[in-house]
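Welcome, and please open the structure in your viewer. We will take it one selection at a time, with a short stop at each place.

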Amino acid sequence: MLSLELAKEPELGSVCDRHKEELKVFCQKDQTPVCVVCLLSRDHREHPAVPIEEAAEDYKDQIRSRLESLKKNREAILSFKLSGENKSQELLKQLETEKQKIVSEFQQLRQFLEEQERLRLAQLEELNQEIEKGRAEYVAKLSEELSSFSSLISEMEQKCQQPVREFLQDIKGTLSRCGREKFQNPVAFSSDLKWRIWESSQRNASLETIMRTFKDSLLSRQRLDKGKFLGSKANVTLDPDTAHPELILSADRKSVRYGDTRQDLADNPERFDTICCVLGSEGFTVGRHYWEVGVEVGGVWGMGVARASVRRKGRISLYPEQGIWAVQCWEDQYRAPTSPAQSIRFSPSSAPRRIRVFLDCERGQVTFFDAGTWDPIFTFSPASFAGERIHPFFWAGSSARLTLSP
C-alpha cells in the first residue's frame, strides 16, 4: 500500500510553481498554500502559517457555518414565494367577486349607469393587471434569488468535497462568494392595493345606498382618479408632548377626547396651553398624503393640518394666516375658518362620520372629503408651505372625540 501511494501522481495544484516543492503549509496572511521554501523566503518569512490540513479544517468549519445561513435564506425565499402566490390569489378572488357585483348592479341603472359600469370594470381590470404584474415581478425576483442561492449552495458543497490543496486554491474568493448578504424580501404588492379593492366593495355594500348617491359619489371619485388629489395613506399617531393638559389621549395614541380636569403635565415648549389642540407625531414636507378621522355628530371639534412652527402658547386662532388649515364643528354647525368664514351645510342625516384629510405639500393644498361617500367637503386655496414641515392637527372641545382610522 505504501509503495502504491508513493507512486500516485501529485494532486492538482499540489506543487509550488516556483520551487517545485510540495505545498505543505498555508500562509494565513496571504491566505494561500505555499511550500516550505516559500515560507522561509522574504515574501512569507514574517507571516503566520499552519499546516494545510489544519487550515483546510478551519475554513471548512467557516463555510459549513455559512452554509446554514444560506440554507435558511433559501427556505425564507420559498416561504415568501408561497405567501406571495397565496396573496395574489386572494386579491384576484376579491376582484372577481367585485366584478360580479358591479355587473349585477349596472344592469339595473340603465343609460347613465351603463357608462359607469364600463368605467368601473375598466378600473378593476387595471387593478387585475397591477396584481398580475406585481405577482409576475415578485415571483421572478424570488425565482432569481432562489436560483442564485441554490447555485451558490451547490458550489460551496462541491467545494468542500475537493482535495485539500485544490480546495484551498482561491479560498479568499470562495469565502467572498458565500458571504453574501441576507436575502431581503421584495415588495410584492403596493400597500394601498387591498385598500383600493376594499373601497370598491364598500361602494357596492348596499344597492339602495348606491342608487341614491351613485352619481355624485362617482363624479367625486373621477375627479380624484384624474389626478386632482392622489396620495399615500399616512399612519398618523398623536404627539403627547403637544397635547393640551385637558386632552386625554388613548394608549395607542389614535384617539383624543376632551377631559373634565386639567392634568399635571410639563409645560414644555411644544405643548398647547390655551386651546385644546394636539398635533400628529408625523410631519410632511413633500408628497401627497391622506388620513381618516372618525367624528361624533355634534360636539365641538376641528381637524386639518398645521405648520410645525404654529404658535403653541397663549390664545391662537384656527386660521390659515396663523398656520392652521382646518374645518370646524360647533354642535351641528360646520364651517371653514377663512376670511370671511365659509359655512359648510349638512343635513343631520348626511353629516359625515368619517372625514378624509388630503395634504398636497407641493401644491400647498388641503382638501377634506366624506370618507364614506367620497363627497368633497372643503378645499383650502393653495398656500405656500415654503418647505416647512406640516403636521396633522386636531382640536377637541366639549363632548368631542376624534379617532384616527388604522
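Leaving aside its neighbours within four places in sequence, which residues is Phe393 in contact with? Select Phe393 and look around its ring: the contacts include Phe272, Cys277, Val278 and Leu279. Now add Gly302, Met303, Gly304, Val305 and Ala306, which are also in contact with Phe393. Leu318, Ile324 and Ala326 complete the list. Keep in mind as you go that this is a predicted model.

**Stop 1: the cores**

Stay with Phe393 and bring in Trp291, Met303 and Phe394. These four touch the most other members of the largest nonpolar core, which has 50 residues. Then move to Ile63, Leu70, Ile77 and Met156, which are among the 23 residues of a second, separate core.

For the wider view, show the whole chain as a cartoon. The protein chain has eight helices and 17 strands, and 44% of its 406 residues are buried. Among contacts with a separation of 6 or more, 68% are between residues 24 or more positions apart.

**Stop 2: salt bridges**

Side chains of opposite charge can pair when their charged atoms come close. The count here comes to 12 salt bridges, and we will visit some of them.

Select Glu98 and Lys101 to begin. They form a salt bridge, with the closest N and O atoms 3.7 Å apart. Both sit in helix H3 (residues 52-106), and because they are three residues apart there, about one helical turn separates them. Is Glu98 buried or exposed? Glu98 is buried, at 3% relative accessible area, whereas Lys101 is partly exposed at 34%.

Next, select Arg354 and Glu292. Their closest N and O atoms are 2.3 Å apart in another salt bridge. Arg354 belongs to strand S13 (residues 354-360) and Glu292 to strand S8 (residues 288-294), so this pair ties together parts that are 62 residues apart in sequence. Arg354 is partly exposed, with a relative accessible area of 26%, while Glu292 is buried at 4%. Add Arg356 to the selection to see a network of salt bridges linking Glu292, Arg354 and Arg356.

For one more, select Arg307 and Glu388, a salt bridge whose closest N and O atoms are 3.2 Å apart. This pair also links distant parts of the chain, 81 residues apart: Arg307 is in strand S9 (residues 300-307), and Glu388 is in the loop between strand S15 (376-380) and strand S16 (390-396). Arg307 is buried, with a relative accessible area of 18%. Glu388 is partly exposed at 23%.

**Stop 3: a three-stranded sheet**

Now colour strands S1, S2 and S3. They make an open sheet in the order S2-S1-S3, with antiparallel pairing. Why is one side of S2 and of S3 left without a neighbour in the sheet? Strand S2 (32-34) and strand S3 (49-51) stand at the edges and each has a single partner strand, so nothing in the sheet flanks the other side. Turn the view to look across the strands: on average, neighbours in this sheet are turned by 35° against each other, ignoring direction.

Zoom in on strand S1 (residues 25-27), which pairs with S2 in the antiparallel sense over three bridges. Show Phe26 and you will find Pro33 of S2 standing opposite.

**Stop 4: aromatic pairs**

Finally, show the rings. The whole structure holds 10 aromatic pairs. Select Trp301 and Tyr334: the ring centres are 6.0 Å apart and the planes lie at 70°, so this pair is edge-to-face. Trp301 in strand S9 and Tyr334 in strand S11 (residues 333-336) are 33 residues apart, and the pair links distant parts of the chain. Trp301 is buried at 1% relative accessibility, and Tyr334 is buried at 8%.

Then pick Phe378 and Phe380. Their rings also pair edge-to-face, at 4.9 Å centre to centre with 80° between the planes. Phe378 is buried at 12% relative accessibility, and Phe380 is buried at 3%.

Which rings are linked into a cluster by ring pairs? Select Tyr290, Phe358 and Phe369 for the last view of the tour, and you have that cluster on screen.

Notes: Residues are numbered from 1 along each chain as its sequence is written. Side-chain values use heavy atoms; hydrogens and water are left out. A nonpolar core is a set of buried Ala, Val, Leu, Ile, Met, Phe, Trp, Tyr and Cys residues joined through side-chain atoms within 4.5 Å. Buried means under 20% relative accessible area, exposed over 50%, partly exposed in between (1.4 Å probe, protein chains only). Contact means heavy atoms within 4.5 Å. A salt bridge is a side-chain nitrogen of Lys or Arg within 4 Å of a carboxyl oxygen of Asp or Glu. Helices (H or I, at least four residues) and strands (E, at least two) are DSSP runs, numbered from the N terminus. Two strands pair if DSSP finds at least two bridges between them. Axes are lines fitted to C-alpha atoms, for helices over the stretch in contact, and angles run from 0 to 180 degrees between N-to-C directions. Rings of Phe, Tyr and Trp (its six-membered ring) pair if their centres lie within 6.5 Å; planes under 30 degrees apart count as stacked, over 60 as edge-to-face and the rest as tilted.
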